Amino acid sequence: MDYATHFQHLLTEMKLDGRYRTFAELERIAGKFPTALWHKPDGQIKEVTVWCSNDYLGMGQHPDVLAAMHEAINLSGAGTGGTRNISGTNRQHVALETELADLHGKEAALIFTSGWISNLAALGTLGRVLPDCVIFSDAQNHNSMIEGIRRSGAEKHIFRHNDPAHLNELMGSVDPNRPKIVAFESVYSMDGDIAPIAAICDVADRHGAITYLDEVHAVGLYGRRGGGIAERDGLAHRLTIIEGTLAKAFGVIGGYVSGPAMLIDVIRSMADSFIFTTSLCPHLAAGALAAIQHVKAHPEDRARQAGNAARLKAMLIDAGLPVLDTPSHILPVIVGDAHLCRRISQRLLAEYDIYVQPINYPTVARGQERLRITPTPFHTEGHMRALVDALLAVGSDLGWAAARRAA
């Protein structure tokens with residue numbers, strides 16, 4: 001086989017389809033978030049404003065987090081040197097898991113090297129060890145949840161997005177004695193919509209199912225202490241498992257699941273992607289612990305972030321830009337064409353020093369290409385005005401129907 005020709009064909013097809021990903025080389029500047037340095041292909045360096053970071057609260061550069069990480073490096077060095085079972089369980093890991101369990105009001109928590117792995121491990125393990133298990137998955141669930149369910153080998157049913165009635169119909173078609181898991185998210189990252197958690201729990205309870213809630217895009221941002229949408233709505237006790245990340249609002253890296261101690265112990269004891277992976281570096285665990293403790297104690301950060309999201313959404317709507325009217329902090333501006341979406345992004349960066357990454361298929365459906373904007377507490381009124389004005393100018397130049405409002 002001519003391997004090179006085949007691989008070149010695959011890449012060419014992606015480029016023609018608008019799916020080929022290019023990376024902007026950015027250098028974050030401690031203390032200047034959301035400003036970053038853009039290292040241009042020609043070797044020049046420019047300061048740009050980042051509008052698509054998942055570091056929702058800027059905790060990745062918070063002094064408390066940095067101090068905790070430096071202290072842990074000085075104390076314990078860079079890595080753990082092993083899996084959790086083989087010399088890789090450090091004091092920082094245990095403290096972080098205790099803090100996460102407390103955040104969600106659960107008996108126990110278990111940390112992983114990423115949120116993607118935590119979903120893969122937990123759903124993959126539970127679906128496999130429960131005999132004749134059936135998993136019911138929301139149609140818009142994240143790739144990591146889909147892969148975990150696939151890996152489990154369990155029977156899968158997909159219910160229409162945020163549709164408890166369809167979930168009830170599907171669950172009613174299955175033998176009531178079979179073990180069941182309902183897997184869904186709280187805040188969906190591409191449309192920024194929020195699940196009807198109480199209604200889904202009602203259906204799950206009716207059919208005797210385990211509930212598995214991914215709060216990746218909500219932890220740190222919602223609830224009295226940052227426990228997510230479930231905490232905000234007083235529903236955390238109704239979820240069997242709450243999964244989250246340390247890489248977004250908490251600003252570091254890693255993932256976790258929290259829930260009943262026995263269930264978490266089963267995942268700890270039987271998940272291949274936990275057992276055979278070197279554990280999270282101590283300084284990362286220490287940084288995440290400091291971030292969670294700060295977020296719990298400082299609701300004003302969440303309030304400022306929510307205020308900025310509401311303010312920018314109003315400005316985008318007033319300007320006639322096609323932003324989805326979401327109830328969350330995620331503001332998707334719909335473009336609807338992959339090549340146009342990329343051109344808008346490139347022009348914003350090259351001409352206006354604004355970085356917002358295009359989101360194309362397969363992350364979103366074809367025809368739903370978008371710019372996914374995520375305001376933070378550190379974006380100013382000036383940043384917002386510059387963004388809106390740049391979108392209008394670029395949209396006009398490229399013939400983008402900026403007046404088209406989102407459906």
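How do the residues lining the second largest pocket divide into nonpolar, polar and charged? Hold that thought, everyone, while I set the scene.

This is a predicted model, where local features need pLDDT of at least 70 and side-chain atom pairs count only at pLDDT 80 or more, while totals for chains, interfaces and linings use all residues. Residues are numbered from 1 along each chain as its sequence is written, and side-chain values use heavy atoms, with hydrogens and water left out.

Back to the pocket. By pocket I mean an open set of points on a 1 Å grid over the protein atoms alone, where a 1.4 Å probe fits, with protein on both sides within 12 Å along at least five of seven lines; lining residues have an atom within 4 Å of a point. The lining divides into eight nonpolar, five polar and three charged residues, with Gly counted as polar and Tyr, Cys and Pro among the nonpolar ones. Thr-22, Phe-23, Ala-24, Trp-38 and Leu-349 lie nearest the centre. Helix α13 gives the largest share, five residues; helices here are DSSP runs of H or I, at least four residues, numbered from the N terminus.

Now the cysteines. There are zero disulfides in the structure, a disulfide being a pair of cysteine sulfur atoms within 2.5 Å. Why is Cys-341 without a bond? Because its sulfur is 11 Å from the closest cysteine sulfur, in Cys-52, which is too far. Cys-341 is also buried, at 0% relative accessibility, where buried means under 20% relative accessible area and exposed over 50%, using a 1.4 Å probe on protein chains only.

Finally, Arg-206, in helix α7, is exposed at 55%.

Technical notes: Helix = DSSP H or I, 4+ residues; strand = E, 2+ residues; numbered from the N terminus.
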